[in-house]
Amino acid sequence: MTRVVAVRHGETDWNREGRLQGWAPVPLNDTGREQAAAAGAWLADEYDVDRVFGSDSLRTRQTAEAILESFGDLPAEYERHWRERHLGIYQGLTYADVEERFPRFGLGESAHEAALAVPESGESLRDVADRVTDRFAEVVDEHAGETLLVVTHGGPLHVLLGYAKGLSLQDALGTHHQSNCGVNEFRADGDDVEVVRGNVTEWRD
């Protein structure tokens, strides 16, 4: 059995403003840094982590670095696989703007078409789901029996939760919520994956 503990990054100013971040190099704000430090202390008490992976985006790297201060000398591997969806020229717009002006890039009535739609210079939702789930399966297979920490984004976490629960991409992205530094735990035994914890924020207590 392999355990994967997946954590969303801490808060940024764009989170507060409701802006699409995608691949933009947006840093954590003061609240986000405090969240990551608190989550790190809680995680260190809960889990004996063997390896760390993370998105190579700025906000996820900063979150992982703050978390790892509670774990001592534990290196992290930062990879593109765990990045948020790239929305190309629409990054920086608010969610409301995109929903109103570019609904084909969300998941509305024509969910299949929306999942395959590619914004200019960006990527489709299906592409995101494929790269995230493929990498998840790889690390679980390569590090069987270990406890892995993954620091990523809301979108990839929604995908993984849906993947573990056997949901469609539309349902996976539409039915989950991820708080900043929310903790999720997956347990994988071969091809069987289950969700043990979802969006836990006990580190706030």
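This briefing covers the sheet, the helices that pack on it, and one pocket. The structure is a predicted model. Its sheet is open and built from 6 strands with mixed pairing, and among the helices that pack on this sheet are α2 and α6. Helix α6 also meets α7 in a right-handed crossing, and α6 supplies the largest share of the lining of the second largest pocket.

**The sheet**

- The 6 strands follow the order β3-β2-β4-β1-β5-β6 in an open sheet, and their pairing is mixed.
- Because β3 (76-79) and β6 (192-200) stand at the edges and have a single partner strand each, one side of each of these strands is left without a neighbour in the sheet.
- From one strand to the next, the twist averages 20°.
- Strands β2 (residues 51-55) and β4 (residues 147-152) run parallel and are joined by 4 bridges; R51 has L148 in β4 as its bridge partner.

**Helices on the sheet**

- Helix α2 (residues 30-46) packs on the sheet with contacts to β1 (2-8), β4, β5 and β6, and the direction of α2 makes about 135° with that of β6.
- Helix α6 likewise packs on the sheet, where it touches β1, β2, β3, β4, β5 and β6, and the direction of α6 makes about 140° with that of β1.

**The contact of α6 with α7**

- The axes of α6 and α7 (residues 154-165) come within 9 Å and cross at roughly 65°, and the crossing is right-handed.
- On the α6 side the contact involves A129, V132, T133, F136 and A137, which meet P156, V159, L160 and Y163 in α7.
- By residue class, this contact of α6 with α7 divides into 8 nonpolar residues, 1 polar residue and no charged residues.

**The second largest pocket**

- The volume of the second largest pocket is about 170 Å³, and 14 residues line this pocket, with V140, D141, A188, G190 and D191 lying nearest its centre.
- Both α6 (125-142) and β5 (183-189) supply at least two residues of the lining, and the largest share, 4 residues, comes from α6.
- The lining of the second largest pocket comprises 8 nonpolar, 3 polar and 3 charged residues.

Methods
Residues numbered from 1 in each chain as written. Predicted model: local features only at pLDDT ≥ 70, side-chain atom pairs only at ≥ 80, totals over all residues. Heavy atoms only, no water. 1 Å grid on protein atoms, 1.4 Å probe; cavity = no way out; pocket = protein on both sides within 12 Å on 5 of 7 lines; lining within 4 Å. Points joined across faces, edges and corners; volume = space filled by probe spheres on them. Nonpolar A, V, L, I, M, F, W, Y, C, P; charged D, E, K, R; others polar. Pairing = 2+ DSSP bridges. Axes fitted to C-alpha atoms, helices over the stretch in contact; angles between N-to-C directions. Contact = heavy atoms within 4.5 Å. Left-handed = near helix turned anticlockwise from the far one by under 90°.
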